[in-house]
Amino acid sequence: MAATSTTWPATWSPAGCISTGTVHDRIRERRPGREAGMITVSVQKLATIFVEIADTLVDEFDMLEYMHMITERVADLTETPAVGMLLAGHRGRLEFVAGSTENVTLVELFVVQNEEGPCLEAFHTGEPVVNVDLGHAAGRWPRFAPLAVEAGFQSVHAFPMRLRREVIGTLNVFGDTPGRDFGGDDVTVMQALADAATIGLLQERAISHGETLTEQLQGALNSRVIIEQAKGAVAQARGISVDEAFTVIRGYARNHNRRLTEVANAVVTDPHSLQQLLDT
């Protein structure tokens with residue numbers, strides 16, 4: 001898997017972000033006549049999010065549910081319409097694994113970023129790509145930028161998911177206002193979240209399965225393939241969109257206290273399980 005030799009600022013740890021008195025300075029409120037960053041939540045809420053991200057050593061840990069939780073918390077934190085997570089497979093190719101929304105257009109935007117886009121840049125450099133006005137980014141990303149604008153997005157940000165000096169993926173944030181949404185302190189908080197998510201994601205699998213980094217990432221990507229197949233099966237059977245199908249599958253897993261991957265695999269391999277889900 002690709003790694004970079006770029007030197008970046010030291011990662012902020014969740015504990016450090018919560019315990020120091022400087023966090024409050026990073027959680028700004030919008031006031032008339034003052035430029036403000038996107039992150040406007042309370043210290044308590046931010047602390048809760050960090051605890052959720054760190055809490056992977058639990059019984060019946062569900063990796064896919066965990067990744068979706070991260071994208072949803074980031075979308076809520078930044079008040080942006082869409083957030084996605086991409087992980088690198090064993091050949092260094094970025095693959096979409098989770099999103100705050102599962103619509104086809106958004107997934108396509110992530111697929112395109114194997115060739116160009118903010119996630120590819122953040123992945124290769126190990127540095128955040130922030131506050132890019134998509135209306136003026138066609139020269140930089142001739143395929144990605146117009147597609148994103150057509151989907152209704154006006155700005156984009158990408159944060160590398162880093163484990164020490166190795167980049168394993170990215171968090172992609174799409175905004176509905178043009179550029180300059182993140183202040184410097186916002187970037188620090190967001191990068192800390194991305195790094196904490198990386199540690200949480202890999203820590204659980206290393207402890208539970210004794211896997212290497214490459215094996216861990218490939219396992220997550222394989223689970224994503226099963227999810228896509230299950231979404232297609234449910235969407236076709238019910239005549240609904242794949243985004244709605246994912247909501248159905250995830251709701252069924254939660255209501256029956258089962259792992260998301262387990263339910264998806266059953267839907268794909270067992271017609272009886274598919275029918276049980278459709279009957280709910």
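Two strands pair if DSSP finds at least two bridges between them, where the strands (E, at least two residues) and the helices (H or I, at least four residues) are DSSP runs numbered from the N terminus. The model is predicted, so that local features need pLDDT of at least 70 and side-chain atom pairs count only at pLDDT 80 or more, while totals for chains, interfaces and linings use all residues. Residues are numbered from 1 along each chain as its sequence is written, and side-chain values use heavy atoms, with hydrogens and water left out.

**Exercise 1. Strand pairing around β4**

Determine how β4 is joined to β3 and to β5, and state whether strand β4 is enclosed by the rest of the structure.

Step 1. Strand β3 (residues 129–133) is joined to β4 by 3 bridges, and the two run antiparallel; within this pairing, valine 132 stands opposite valine 156 in β4.

Step 2. On the β5 side, 9 bridges join β4 to β5, again in an antiparallel arrangement, and here histidine 157 faces valine 173 of β5 as its opposite residue.

Step 3. The hairpin of β4 and β5 has 2 residues between the strands, and in this hairpin arginine 164 takes a positive phi near 55 degrees.

Step 4. Strand β4 (residues 155–163) is largely enclosed by the rest of the structure, because 8 of its 9 residues are buried (buried means under 20% relative accessible area, exposed over 50%, and partly exposed in between, with a 1.4 Å probe and protein chains only).

**Exercise 2. A polar residue in β5**

Decide whether asparagine 172 is buried or exposed, and find the side chain with which its own side chain makes a polar contact.

Step 1. Asparagine 172 belongs to strand β5 (residues 166–175), and its relative accessibility of 0% counts as buried.

Step 2. Its side chain makes a polar contact with the side chain of glutamine 113 at 2.7 Å; such a contact is a pair of N or O atoms within 3.5 Å, where within protein one atom must be able to donate a hydrogen and the other to accept it, and residues adjacent in sequence count only if both atoms are side-chain atoms.

Step 3. Not counting residues up to four places away in sequence, the residues touched by asparagine 172 include Gly84, Phe110, Pro118, Val156 and His157 (contact means heavy atoms within 4.5 Å).

**Exercise 3. Salt bridges**

State how many salt bridges a search of the whole structure finds, and place three of the pairs in their helices.

Step 1. The search finds 10 salt bridges, each being a side-chain nitrogen of Lys or Arg within 4 Å of a carboxyl oxygen of Asp or Glu.

Step 2. Glutamate 52 and arginine 73 form one such bridge, with their closest N and O atoms 2.8 Å apart. This pair links distant parts of the chain, 21 residues apart, with glutamate 52 in helix α3 (residues 43–54) and arginine 73 in helix α4 (residues 63–78).

Step 3. Glutamate 72 meets arginine 250 in a salt bridge with an N to O distance of 2.3 Å. This pair also links distant parts of the chain, 178 residues apart, since glutamate 72 lies in helix α4 and arginine 250 in helix α10 (residues 242–255). Glutamate 72 is partly exposed at 25% relative accessible area, whereas arginine 250 counts as buried at 8%.

Step 4. Lysine 231 and glutamate 228 pair at 3.3 Å, N to O, and both lie in helix α9 (residues 213–238), 3 residues apart, about one turn of the helix. Lysine 231 counts as buried at 2% relative accessibility, while glutamate 228 counts as partly exposed at 33%. Through shared partners, salt bridges also join Glu65, Glu72, Arg250 and Arg254 into one network.

**Exercise 4. Nonpolar cores**

Find which residues have the most contacts inside the largest nonpolar core, and which helix gives the most to this core.

Step 1. The largest nonpolar core has 53 residues, and Met67, Ile70, Val234 and Leu277 have the most contacts inside it. Helix α8 (residues 184–209) gives the most to this core, with 10 residues. A nonpolar core is here a set of buried Ala, Val, Leu, Ile, Met, Phe, Trp, Tyr and Cys residues joined through side-chain atoms within 4.5 Å.

Step 2. Isoleucine 70 touches Ile53, Met85, Leu171 and Ala197, when residues up to four places away in sequence are not counted. Apart from this core lies another, of 28 residues, among them Leu109, Val132, Ala137 and Ala158.
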